[in-house]
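Me: Please take a close look at one part of this model, and tell me how that part sits among its surroundings. I work at the bench, so please spell out the cut-off behind each term.

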Amino acid sequence: MSFAPASTPPQDMAEVRRVVASAGSSFAAGMRILPETRRRAIHAVYAFCRAVDDIADGDAPGSDCTRQRAELLDRWEAEMDEVFQGRPHTAIGAEIAHAADWLELPRQEFMLILDGMRMDARSIIAPSAEELAAYIRRVAGAVGILSMRCFGAWCGAPSERFALSLARGLQMTNILRDVEADAAMGRLYLPAHVLAEAGLPADPQAVARHPGLPRARAALGREARAAFDAATVEIPAHSRTPLLPALMMMGPYERLLARWEADWSKPPPRRSRLGKLLDGVVTVARPG
């Protein structure tokens, strides 16, 4: 794998910070509210997710074809086996090993993420409702469960319900937003039952240009809204402060969905970083 090898803890931490910063997302800023030890843990999880997602998308070096992507993901699975036996080979693996040791991060959740990346690497087209649920559980639900433990917000069954419901809402909103971009990669995450309801073909390129796409978005949007509502129900079961990072992520996505619900015929204008921050603050301040 073309990742820095495990070294000293300071060098491993610096490498993970580099991976997080190079992703160019607002994730790093949102995690600044965490104490340093917990921020170090969630950065390790994010760096792992970034690494395997780049492989699945064909953006990592040596991931040009399906066979190469499968081989690289297999190598990450082998690395995670070594991580949980205390023998990481990469800086990212070493940082995960450190976090897993004191936070009791479940190995199986990392394996689920890899399974989800394998689904992406093969390209998903018009999945059944069950297939989409399995995909979301892997690429988003697993990350949610790991994140709740990193945040210090985990309190058992309510946290699992919150994490999986929030993950479902976030991932479905991503699907709604990225239909055209996904089509360019030969992917179509809108599920078969939504396409049938809107009268759309199971063809990525055709769907991206179809006049019925707003109807399909509205149908999946209702499912995303139900997922956010289910997550909201679980908020009072948690201490508020450890949950703040999750609520800060939830806010911009809920706001995007709400703005789209007003008019499914066109995507809402892009929200500035400040706007997203304000959306997160509103969610945090909401009674619950």
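Reply: What follows is a close look at helix 5, and then at some of the loops and helix pairs elsewhere in the chain.

The model is predicted, so local features are reported only at pLDDT of at least 70 and side-chain atom pairs only at pLDDT 80 or more, whereas totals for chains, interfaces and linings use all residues. Residues are numbered from 1 along each chain as its sequence is written, and side-chain values use heavy atoms, with hydrogens and water left out.

The protein has 14 helices and 0 strands, where helices (H or I, at least four residues) and strands (E, at least two) are DSSP runs numbered from the N terminus. Of its 288 residues, 49% are buried, a word that stands for under 20% relative accessible area, with exposed meaning over 50% and partly exposed the range in between (1.4 Å probe, protein chains only). If one takes contacts (heavy atoms within 4.5 Å) between residues at least 6 apart in sequence, 70% of them join residues at least 24 apart.

Helix 5 covers residues 91–103, and its 13 residues should span 18 Å at 1.5 Å a residue, which agrees with the 18 Å between its end C-alpha atoms; the expected span is 1.5 Å times one less than the number of residues. Because 10 of those 13 residues are buried, helix 5 is largely enclosed by the rest of the structure. The buried residues are Ala91, Ile92, Gly93, Ala94, Glu95, Ile96, Ala97, Ala99, Ala100 and Leu103. These residues pack against helix 1 (9–22), helix 3 (36–56), helix 4 (66–83), helix 6 (107–121) and helix 7 (129–151).

The packing of helix 4 on helix 5 can be described further. Their axes lie 9 Å apart and meet at an angle of about 40 degrees, the axes being lines fitted to C-alpha atoms over the stretch in contact, with angles running from 0 to 180 degrees between N-to-C directions. Helix 4 and helix 5 are therefore oblique to each other, since angles under 35 degrees count as roughly parallel, over 145 as roughly antiparallel, 65 to 115 as roughly perpendicular and the rest as oblique. Helix 4 passes helix 5 in a right-handed crossing, which means that the near helix is turned clockwise from the far one by less than a right angle, anticlockwise being left-handed. On the helix 4 side the contact involves Trp76, Glu79, Met80 and Val83, and on the helix 5 side Ile92, Gly93, Ile96 and Ala97.

Just after helix 5, glutamate 104 takes a positive phi of about 55 degrees, in the loop between helix 5 and helix 6. Most residues other than glycine have a negative phi. With a relative accessible area of 61%, glutamate 104 counts as exposed. Serine 123 also has a positive phi, about 70 degrees, although it is not a glycine; it lies in the loop between helix 6 and helix 7 and is partly exposed at 31% relative accessible area.

That loop between helix 6 and helix 7 also holds proline 127, which is buried with a relative accessible area of 5%. Leaving aside residues up to four places away in sequence, proline 127 touches Leu132, Leu188, Tyr189, Leu190, Pro191 and Ala192. Proline 127 and histidine 193 are 66 residues apart in sequence, with their C-alpha atoms 8.7 Å apart in space.

Helix 6 and helix 7, both packing partners of helix 5, have axes that come within 8 Å and cross at roughly 140 degrees. That makes helix 6 oblique to helix 7, and their crossing is left-handed. Among the residues that meet are Phe110, Ile113 and Met117 of helix 6, and Tyr135, Val139 and Leu146 of helix 7.

As for cysteines, the structure holds 0 disulfides, a disulfide being a pair of cysteine sulfur atoms within 2.5 Å. Cysteine 49 is in none, and the nearest cysteine sulfur, that of cysteine 150, is 9.9 Å away. Cysteine 49 counts as buried at 15% relative accessibility, and cysteine 150 is buried too, at 0%.
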